Amino acid sequence: MPGMSGYDLLRRIKESESFKDTPVVIMSSENVPSRINTCLQQGAQDFFLKPLQLSHVTKLKSHLFRCTTC
């Protein structure tokens, strides 16, 4: 994303009155534990490594059904 990192976007979403309760799930091909932990600490509900597995899709559906503002 030009001009903004994924961390920046996550922070903006979680600071927004309109979107703060929207579940955010991060997907990345980078398996870096410190980055994964940072995302989770900043409010991401989950972190999936690419390539996406079928079990991730099932778990993703559960996050969508918990969303009250979607």
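**Legends to the close-up views**

The chain holds three helices and two strands. The model shown is predicted.

**View 1. The whole chain, with its elements in the order α-β-α-β-α from the N terminus on.** The chain is made of 70 residues, and 23% of these count as buried. Along the principal axes, the C-alpha trace spans about 30 × 30 × 20 Å. The radius of gyration is 12 Å, which agrees with the value near 11 Å for a compact globule of 70 residues. Among contacts with a separation of 6 or more, 32% are between residues 24 or more positions apart.

**View 2. The surface of the chain and its charged side chains.** The accessible surface comes to about 5200 Å². Carbon and sulfur atoms account for 56% of this area. There are 9 positive and 6 negative side chains. The centre of the positive set and the centre of the negative set lie 6 Å apart. The count of salt bridges comes to four. Three of these pairs, Arg11 with Asp8, Arg35 with Glu30 and Lys59 with Asp46, are described in views of their own.

**View 3. A salt bridge within helix 1, between Arg11 and Asp8.** The side chains meet with a distance of 2.8 Å from N to O. Helix 1 covers residues 6–15, and the two partners are three residues apart in it, so about one helical turn separates them. Arg11 counts as partly exposed, with a relative accessibility of 39%. Asp8 is also partly exposed, at 26%.

**View 4. The start of helix 1 and a residue far along the sequence.** Gly6 lies in helix 1. Its relative accessibility is 42%, so Gly6 counts as partly exposed. Cys39 is 33 residues away from Gly6 along the chain, and the C-alpha atoms of the two are separated by 8.8 Å.

**View 5. Lys20, in the loop between helix 1 and strand 1.** Strand 1 covers residues 25–28. With a relative accessible area of 34%, Lys20 is partly exposed. Once its neighbours within four places in sequence are left aside, Lys20 is in contact with Ile13 and Lys14. Met1 lies 19 residues from Lys20 along the chain, and 21 Å separates their C-alpha atoms.

**View 6. Ile26 in strand 1, and the residues around it.** Is Ile26 buried or exposed? Ile26 has a relative accessible area of 18%, and the limit for a buried residue is under 20%, so Ile26 is buried. Which residues does Ile26 contact, apart from its neighbours within four places in sequence? They are Cys39, Ala44, Asp46, Phe47 and Phe48. One of these, Ala44, is 18 residues from Ile26 in sequence, with 6.8 Å between the two C-alpha atoms. Another, Asp46, appears again in view 8 as a salt-bridge partner.

**View 7. The salt bridge of Arg35 and Glu30.** The closest N and O atoms of this pair are 2.0 Å apart. Arg35 counts as partly exposed, at 40% relative accessibility. Glu30 is partly exposed as well, at 39%.

**View 8. A salt bridge between helix 3 and strand 2, formed by Lys59 and Asp46.** The N to O distance here is 3.2 Å. Lys59 belongs to helix 3 and Asp46 to strand 2, so the pair ties together parts that are 13 residues apart in sequence. Are the two partners buried, or partly exposed? Lys59 has a relative accessible area of 42% and is partly exposed, whereas Asp46 is buried at 11% relative accessibility. Asp46 is also one of the residues in contact with Ile26, which lies in strand 1.

**View 9. The cis peptide bond from Lys50 to Pro51.** The omega angle of this bond is near 0°. Where is Pro51 found? Pro51 is in the loop between strand 2 and helix 3. Strand 2 covers residues 46–49, and helix 3 covers residues 54–66. These are the two elements that the salt bridge of view 8 ties together, through Asp46 in strand 2 and Lys59 in helix 3.

Notes. Residues are numbered from 1 along each chain as its sequence is written. This is a predicted model: local features need pLDDT of at least 70, side-chain atom pairs count only at pLDDT 80 or more; totals for chains, interfaces and linings use all residues. Side-chain values use heavy atoms; hydrogens and water are left out. Helices (H or I, at least four residues) and strands (E, at least two) are DSSP runs, numbered from the N terminus. The radius of gyration is taken over C-alpha atoms; the globule rule is 2.2 Å times the number of residues to the power 0.38. Buried means under 20% relative accessible area, exposed over 50%, partly exposed in between (1.4 Å probe, protein chains only). Contact means heavy atoms within 4.5 Å. Accessible areas come from the Shrake-Rupley method with a 1.4 Å probe; for residues, only the protein chains shown count as cover. Lys and Arg count as positive and Asp and Glu as negative; His and the chain ends are not counted. The place of a charge is taken as NZ of Lys, CZ of Arg, CG of Asp or CD of Glu.
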